[in-house]
4 protein chains.
Amino acid sequence: MISFASDYIAGAHPQVLKRLVETNLEPLPGYGEDPYCASAKEKIRAACGCPDAQVELITGGTQTNLTVISTMLREHEGVVAAETGHVNTHEAGAIEYTGHKVMELPDEEGKLTADTLAGFLRAFYSDENREHMVFPGMVYISHPTELGTLYTMAELVELSRVCQAYELPLFLDGARLGYGLMSRDTDVTLADIASLCDVFYIGGTKVGALCGEAVVFTKNNRPPHFVNAVKKRGALLAKGRLLGVQFDALFTGGLYFELSRHAIEMAEELKAILHKKGVEFYLESPTNQQFVILDDAKLEGLKRQVSYGFWEKWGPKQTVVRFCTSWSTTQEDLDFLRSVL
Amino acid sequence: MISFASDYIAGAHPQVLKRLVETNLEPLPGYGEDPYCASAKEKIRAACGCPDAQVELITGGTQTNLTVISTMLREHEGVVAAETGHVNTHEAGAIEYTGHKVMELPDEEGKLTADTLAGFLRAFYSDENREHMVFPGMVYISHPTELGTLYTMAELVELSRVCQAYELPLFLDGARLGYGLMSRDTDVTLADIASLCDVFYIGGTKVGALCGEAVVFTKNNRPPHFVNAVKKRGALLAKGRLLGVQFDALFTGGLYFELSRHAIEMAEELKAILHKKGVEFYLESPTNQQFVILDDAKLEGLKRQVSYGFWEKWGPKQTVVRFCTSWSTTQEDLDFLRSVL
Amino acid sequence: MISFASDYIAGAHPQVLKRLVETNLEPLPGYGEDPYCASAKEKIRAACGCPDAQVELITGGTQTNLTVISTMLREHEGVVAAETGHVNTHEAGAIEYTGHKVMELPDEEGKLTADTLAGFLRAFYSDENREHMVFPGMVYISHPTELGTLYTMAELVELSRVCQAYELPLFLDGARLGYGLMSRDTDVTLADIASLCDVFYIGGTKVGALCGEAVVFTKNNRPPHFVNAVKKRGALLAKGRLLGVQFDALFTGGLYFELSRHAIEMAEELKAILHKKGVEFYLESPTNQQFVILDDAKLEGLKRQVSYGFWEKWGPKQTVVRFCTSWSTTQEDLDFLRSVL
Amino acid sequence: MISFASDYIAGAHPQVLKRLVETNLEPLPGYGEDPYCASAKEKIRAACGCPDAQVELITGGTQTNLTVISTMLREHEGVVAAETGHVNTHEAGAIEYTGHKVMELPDEEGKLTADTLAGFLRAFYSDENREHMVFPGMVYISHPTELGTLYTMAELVELSRVCQAYELPLFLDGARLGYGLMSRDTDVTLADIASLCDVFYIGGTKVGALCGEAVVFTKNNRPPHFVNAVKKRGALLAKGRLLGVQFDALFTGGLYFELSRHAIEMAEELKAILHKKGVEFYLESPTNQQFVILDDAKLEGLKRQVSYGFWEKWGPKQTVVRFCTSWSTTQEDLDFLRSVL
């Protein structure tokens, strides 16, 4: 079956897997103390243009979000996020399970605007009863967002300015970061993100790895005893090499960017196909996720030939569905979709 | 200074205090095992018209909310509440601290409508990704609400129907319940609440007691080992008699209702004064809390003579403030307010 | 029935209750912002000889333990306690419920020795795998202990020295502190405790109050946003006056010490009676709790006339029971016990 | 460098890795919904002789322990474990972080005896104050234990009997299960474990996989909404295939048992070498971990040629170190060790 169901339908990029095979029998220390982890971190620091960054490799996105947020927040604080933010919607309450509130704010196509944030913070700090309230302690954004949209450089700068004015760390969830950086419609680079965010992560799971996210603390601000915190949350791999080798491969020779660019090229062609077929867009994004509205009758037939993702019901007889490309999408996949749509 | 700052400005109703004095030296078992707790519970069951209810006495409102919610929710569930609900705003994240999400829905003047709730639940159960989401596990409402408004009988019946359809317990926060029951504009009785809610509490702290809330489980649904859960949350008083004696007094001879009625009479006169003085209402309620908009200049002078509660800034030169009556409000308080407003 | 069941069988000392009555109708701000709280704190600072201490009033012992411990520990830390420590045994897992481990060490009659502590800490810091372990972050002791025993000044000094060497705050649970300070066999004063401990509390619930413990942070080390933390745990009383007025009364004219001394006098007479009757002691303490071993047959008759506390089974036909005196114990109580034992 | 440092020094068994490579580009559903997960589970059920077992694949050991324990315990319960149990020592307080106490009992060479357990449970249920205590809610054992020792069939049967008498689920941590099953000194089979335990896991990380543990619920007792619970703890892999393919390979053609047997053969030869060299054993185990006492001076030289694991200091000039074999240990490794010891 041809699949556009998600960007995690395949295993690892062949280059990544090749390195896992080549290094497989080397005896290495556990828990991320191996040289591949060290090398991967060094290459990520270089790619970020942030030589002092502290890089940590964690297995998955929800795990990363909950670990970063709960170790950076203080006792009396919650994390501010767009209503559509992954931490607020599709992580089964993982943040709350660590004892902290997700403070949701309205979004604009998945994005949290500086104005919305500033307005919220002004109101909070003018409230005389705030000692009985959850304090905003950190701002969480996704880039690309859950809807595939992207912050512009100007928007990020503004958000960062508001965060700094209130001394709030800005945390960017980059589960699909590669697909944002390689979009044709972005003016934001990896170095920009490293400069504007206090902490962010470079998604591996959805961008070429079997699993793994690389967290980058950019301001010498990694919480103390971070390994202990990771262990306590059950997130410390005994064979840290699994993450080290993969990220080392992804950041060798620009592979991460190259495979991301491929997904974007496939996405552009996908959009062209969808337009040509007259499909109505729910949201046309500049990255690898496209949301379209299809008749349920049409979907009934389609789903035997092509996998796609459910998004939400759209009235009684239609559904919003998501088509994703990824590093593993092929020209054949697109041709097939064109032929059956 | 005359105070309308809140409904917890005085100690206990004199009748309540008198009983504490009279019983003070009796040697009694601890932890709520004393006869006054038993008697109070019996009288509350009778007042609720619910002879099989399980009644538990807890020291304060936030403590009650967090204990009831976190013991009734299951692992994968959160509590649904109006955006303005106390658990969502002014409890410092107490629910999240127990590991559960507060799932906020839009309110209408503090109330959660059955339509809003039903729409949310329909959407949730039609979402194919819901296993990655927090499940709604309980519905929390306040009566009176944080804005002093009241559900009508019809509204409560509708909410209860939706809850039953989805097998969600309905939990009513009655921190100010007396003032709701004695409102001139209500058609809801204590027995109605006991019949329509799965659990609710009768507020003592704001209605005549030094402290204490009486939780009523109406469907033989008190979580097992509840005392253990209360103890674990630091909420078990060694001298449970402090709560038992007070609630026993409040539910003897209809005192709870009588002192609530007094507060309502004072509130009606307060509203008349405010209207007569041409004060603009932000929200005029049928209970003991009134929200008005006053010029900051006016407030500057007023605050030296009368205490009131800050609610929120209202544009650059005005503020919404709250005036509360309670069982302890006197005619002299009102006369003084009339003379200085 | 005559009761030696616990030291919380009666309400408040009459002087304390009198002040509650006298101040009952004064309108006061809530949440501990009233002048009685301020006055109580000032008097406690004076009694401790610690003019810069930060004092907080909390309703009960378990609540105090969990709030102090969980706000002072850092993410990677647990609290070290004697195996018999209240936090490790009879608080239903309250500390663990806040996410932190109680690290139990062997005790000597309820006491944690400096040697035991130092040995544990040495081993911990020589363990190369400690980043995978819970770090000791605080030391908890009770004085009097759960067995009624007392630390000597020399023992406290030694413990404090070890704590300082490892930069661990020393926390003293003084739920029964008055009975320790007034013991005939102690060389430890309140000022000593304030000097040697980083935080401790002066128990009110068991020493003359209806409820309430006064936490004393002695080193300008109260956790930030402490009120928020108390609120979040459901431990903030709306009518903070209830605690303020009581502690103000207890620390006026030395009442706290005077009523504690009475309990000790009663305990000394109790011990004499028990000895005279040939009762076997499980542990004879210098404070208000005495543990004796009685035949189950004997207890069967006794329990119809006198209340006592169950401690543990002692072989097939005997039980260890506890007799407590308190500020409310009378000569008549003792005479009656003498007549029926 | 030759390494006996742990049983997770190498990547995956070549057969396992081969299958990851072969299946890499197949488009598959995420989150464990793929056919390899299904096939792996089916093979595990067969290997356990437990056709109705519910099998779940989780990334690592601590993650598995905390997820299983915290979803199976009820509100008022803790988990009983040997003092040396991994959950009590080297998981950074992961269980407590979920809000539950680890109730430690004395061990005998890493094992919890039925007598110790029964004695503890008898005492607990004869304690009249138990509602203020943590209730034992589950029993955790490791097999092999953290010290490499093994329960006999008779011991397991006894433990299981005690657990059943008190209606406590018995949970067996099998992080190294293969090395236990293939020991020359065991009379316990995988089917025995499936029959005697309510839940256990088959370790992959230390026995041939890159990562992964297979949890087996044997009594139709998997907690409801388990996927949600796994997601909430950050433990749900998007590419569940990573675990499915590996366990499918491990349980094809008896690979899991075969590679475990190899590790045992290497361990037997290792023990012979150590004995021949006159090395003093701290604990000689029937599985793949051997603990010996070496002079620090000796270790100083050795550590430049051979990796081993630190266990604990042993007096001023000696250290207990651990030598592990695993599926990846070779005859050359042993020959080299023999030559340098």
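Me: Helices are DSSP runs of H or I with at least four residues, strands are E runs of at least two, and both are numbered from the N terminus. Between which elements of chain B does N220(B) lie?

Reply: This is a predicted model. N220(B) lies in the loop between β8 (213-217) and α10 (226-232) of chain B.

Me: Why does N220(B) count as exposed?

Reply: Its relative accessibility is 61%. Exposed means over 50%. N220(B) passes that cut-off, so it counts as exposed.

Me: What is the phi of N220(B) near?

Reply: It is near 55°. That is a positive value, and the residue is not glycine.

Me: Which value does phi of Y31(C) take, positive or negative?

Reply: Positive, near 60°, again in a residue other than glycine. Y31(C) sits in the loop between α1 (14-22) and α2 (35-48) of chain C.

Me: Why is Y31(C) called partly exposed?

Reply: The relative accessible area of Y31(C) is 23%. Buried means under 20%, and exposed means over 50%. The value falls in between, so Y31(C) is partly exposed.

Me: How far is Q305(C) from Y31(C), C-alpha to C-alpha?

Reply: The two C-alpha atoms are separated by 43 Å. Along the chain, the residues are 274 apart.

Me: What makes Q305(C) count as buried, exposed or partly exposed?

Reply: Q305(C) has 35% relative accessibility. That is neither under 20% nor over 50%, so Q305(C) counts as partly exposed. Its place is the loop between α13 (296-302) and β11 (306-307) of chain C.

Me: Which residues does Q305(C) touch, leaving out those up to four places away in sequence?

Reply: They are M1(C), I2(C), F336(C) and V340(C). A touch here means heavy atoms within 4.5 Å.

Me: Why does A235(C) count as buried?

Reply: A235(C) has 5% relative accessibility. The cut-off for buried is under 20%, so A235(C) counts as buried. Its loop runs between α10 (226-232) and α11 (241-250) of chain C.

Me: What does A235(C) touch, not counting residues up to four places away in sequence?

Reply: In chain C, T59(C), Q63(C) and V230(C). In chain B, Q63(B). The C-alpha atoms of A235(C) and G30(C) are separated by 14 Å, with their places 205 residues apart along the chain.

Me: Why does V16(D) count as buried?

Reply: Its relative accessibility is 0%. Buried means under 20%, so V16(D) counts as buried. V16(D) belongs to helix α1 (residues 14-22) of chain D.

Me: What does V16(D) touch, not counting residues up to four places away in sequence?

Reply: V16(D) touches G208(D), Q246(D), A249(D), L250(D) and L255(D). Take L250(D): it is 234 residues from V16(D) in sequence, yet 6.6 Å away in space, C-alpha to C-alpha.

Me: How many helices and strands has chain A?

Reply: Chain A has 14 helices and 13 strands.

Me: Why is chain A called as compact as a globular protein of that length?

Reply: Its radius of gyration is 20 Å. The globule rule gives 20 Å for 341 residues. The two are close, so chain A is as compact as a globular protein of that length. Its C-alpha trace spans about 55 × 55 × 35 Å along the principal axes. Of the 341 residues, 65% count as buried.

Me: Among contacts in chain A between residues at least 6 apart in sequence, what share joins residues at least 24 apart?

Reply: The share is 72%.

Me: What do carbon and sulfur atoms supply of the area that chain A exposes?

Reply: They supply 50% of about 11,600 Å².

Me: How far apart are the mean positions of the positive and negative charges of chain A?

Reply: They are 5 Å apart, for 32 positive and 45 negative charges.

Me: What is the peptide bond from H143(A) to P144(A), cis or trans?

Reply: It is cis, with omega near -10°. P144(A) is in the loop between β5 (135-142) and α7 (153-165) of chain A. In chain B, the bond from H143(B) to P144(B) is cis too, with omega near -5°.

Me: How can chain D be laid on chain B?

Reply: By a turn of 180° and a shift of 0.0 Å along the axis, with an RMSD of 0.0 Å. The two copies are therefore related as by a two-fold rotation axis. The same surface serves both: 100% of the contact residues of chain D recur in chain B.

Technical notes: Residues are numbered from 1 along each chain as its sequence is written. Chains are lettered from A and ligands numbered from 1 in the order in which they are written. This is a predicted model: local features need pLDDT of at least 70, side-chain atom pairs count only at pLDDT 80 or more; totals for chains, interfaces and linings use all residues. Side-chain values use heavy atoms; hydrogens and water are left out. The radius of gyration is taken over C-alpha atoms; the globule rule is 2.2 Å times the number of residues to the power 0.38. Buried means under 20% relative accessible area, exposed over 50%, partly exposed in between (1.4 Å probe, protein chains only). Accessible areas come from the Shrake-Rupley method with a 1.4 Å probe; for residues, only the protein chains shown count as cover. Lys and Arg count as positive and Asp and Glu as negative; His and the chain ends are not counted. The place of a charge is taken as NZ of Lys, CZ of Arg, CG of Asp or CD of Glu. Copies are superposed by least squares on the C-alpha atoms of residues with pLDDT of at least 70 in both.
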